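Trainee: I should like to learn how helix packing and backbone geometry are read from a model. May we begin with the way two helices cross?

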Amino acid sequence: MHDRHSPTSHRSMLGGLALSILAGLSLPMQSRANGALAAAIDDSVAAAAVSFGSGFVLLGIAALAYPAARRALGRLRQVLRDRTLPVWYLLAGVLGAWLVVAQSISVRVFGVALFSIALIAGQTVGGLLVDRLGFPRSTPRPLTATRIGAAALTVVAVAWSVSGGLHAGDSLATTALVALLPLSAGVLSGFQQGLNGFTSTVTKAPFAATFMNFLVGTTALLLLTVVTRIGTGKALVPTMPGVWWMYLGGALGIVFIFSGAFLVPRIGVLRFTVTAVAGQLTGSLLLDLLWPAAGSQVTWATIGGTLLTFAAIAWSSAPDLRRARRLGD
């Protein structure tokens with residue numbers, strides 16, 4: 001089996017970092033689309049189900065249209081039959097669904113800013129844990145000062161970037177309790193990336209991991225939507241808006257999950273997380289400049305925090321880049 005921590009060429013490492021940043025750019029656009037849809041139908045969970053569901057439909061069409069996609073699913077069935085891939089690894093999509101649930105609860109309590117800090121703090125911790133443990137089946141990476149420092153710098157950068165959106169007056173106990181939701185979702189997302197990376201490796205196709213994520217995530221969110229809407233006395237199917245761009249969340253989610261499944265075996269979970277965060281903050285900055293939402297503003301903190309994440313990328317990647325350059329391309 002391919003070891004995701006085997007020596008990587010200098011050009012391949014730089015290419016992986018660049019692709020991770022581009023993958024991160026898709027997240028703020030997805031958040032804008034899903035957030036607008038959630039506001040339009042007044043249901044964050046149902047909006048997430050629509051987003052996941054539309055992504056699954058697109059992947060289903062791809063599976064019907066492209067022989068390579070069908071071969072990937074065929075290899076998935078084979079590795080499940082010969083137990084190279086345990087069936088429970090396919091539950092990675094549930095971890096993605098938990099992230100959406102955590103978002104729908106916590107954002108309403110203390111807003112997007114604290115949600116972002118708690119989530120990305122969890123993601124960086126999760127990335128460290130997954131790489132340190134070698135989860136699920138790869139060579140563990142030691143907790144060096146460089147790796148810990150780069151992870152901490154990422155959290156500081158995000159906190160600085162969103163500092164203008166923090167709100168005072170909330171109960172400290174309530175804030176701390178609810179903050180555990182995105183924190184846990186962030187930690188679990190590192191394990192989701194690890195599972196996806198392993199599935200991609202054994203099937204030799206990121207499509208298989210991406211397809212199963214959307215299948216499992218869609219199923220979980222549809223069940224949760226039915227339960228919550230029946231429990232609150234709402235109609236089972238909400239009235240959907242006619243604004244086309246509100247339905248792009250699924251396609252943008254495919255970009256991020258596919259990128260993670262492809263890149264994690266090559267550059268590791270922590271480095272993918274840090275670089276994707278840089279892309280996320282950059283995308284948010286560009287959206288606020290070019291297509292601002294109501295109440296959004298670009299501050300020096302936003303710009304400084306974004307630049308600081310790129311410093312974290314350089315810090316975390318420098319040792320491997322130097323090693324790859326010494327080995328030669």
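Mentor: Axes are lines fitted to C-alpha atoms, for helices over the stretch in contact, and angles run from 0 to 180 degrees between N-to-C directions. Helices (H or I, at least four residues) are DSSP runs, numbered from the N terminus. In this predicted model, the axes of H2 and helix H7 (residues 206–231) come within 8 Å and cross at roughly 145°. Residues are numbered from 1 along each chain as its sequence is written, and side-chain values use heavy atoms, with hydrogens and water left out. Local features of the model need pLDDT of at least 70 and side-chain atom pairs count only at pLDDT 80 or more, whereas totals for chains, interfaces and linings use all residues.

Trainee: In which hand does H2 pass H7?

Mentor: A crossing is left-handed if the near helix is turned anticlockwise from the far one by less than a right angle, and right-handed if clockwise. H2 passes H7 in a left-handed crossing. The contact (heavy atoms within 4.5 Å) comprises 16 nonpolar, eight polar and one charged residues. Here Ala, Val, Leu, Ile, Met, Phe, Trp, Tyr, Cys and Pro count as nonpolar, Asp, Glu, Lys and Arg as charged, and the others, Gly among them, as polar.

Trainee: At what angle do H2 and H8 pack?

Mentor: Helix H2 (residues 44–65) meets helix H8 (residues 249–267) at an angle of about 70°, and their axes are 7 Å apart. That angle makes H2 roughly perpendicular to H8; the classes are under 35 degrees for roughly parallel, over 145 for roughly antiparallel, 65 to 115 for roughly perpendicular, and oblique for the rest. The crossing of H2 past H8 is right-handed. H2 contributes Ser-51, Ser-54, Gly-55, Leu-58 and Leu-59 to the contact, and H8 contributes Gly-249, Gly-250, Ala-251 and Ile-254. By class, these residues are four nonpolar, five polar and no charged.

Trainee: Which residues make the contact of H2 with H3?

Mentor: The axes of H2 and H3 cross at roughly 100° and come within 5 Å, and the two helices are therefore roughly perpendicular to each other. Ala-62, Ala-63, Leu-64 and Ala-65 of H2 meet Pro-67, Ala-69, Arg-70 and Leu-73 of H3. Seven of the residues in this contact are nonpolar, none is polar and one is charged.

Trainee: What should one look for in the backbone between helices?

Mentor: Most residues other than glycine have a negative phi, and most peptide bonds are trans. Asp-42, in the loop between helix H1 (10–41) and H2, has a positive phi near 55°. Lys-204, in the loop between helix H6 (172–203) and H7, has a positive phi near 60°. The peptide bond from Phe-135 to Pro-136 is cis, with omega near -5°, and Pro-136 is in the loop between helix H4 (92–133) and helix H5 (145–161).

Trainee: Which element has the lowest mean pLDDT, and which the highest?

Mentor: pLDDT is the predictor's confidence in each residue, from 0 to 100. Among the elements of the protein, helix H10 (residues 300–327) has the lowest mean, 72, and helix H3 (residues 67–81) the highest, 95. The protein has a mean pLDDT of 82, with 82% of its residues at 70 or more. Over residues 1–7 the value stays under 50, and the model has 25 contacts beyond four places in sequence for this stretch.
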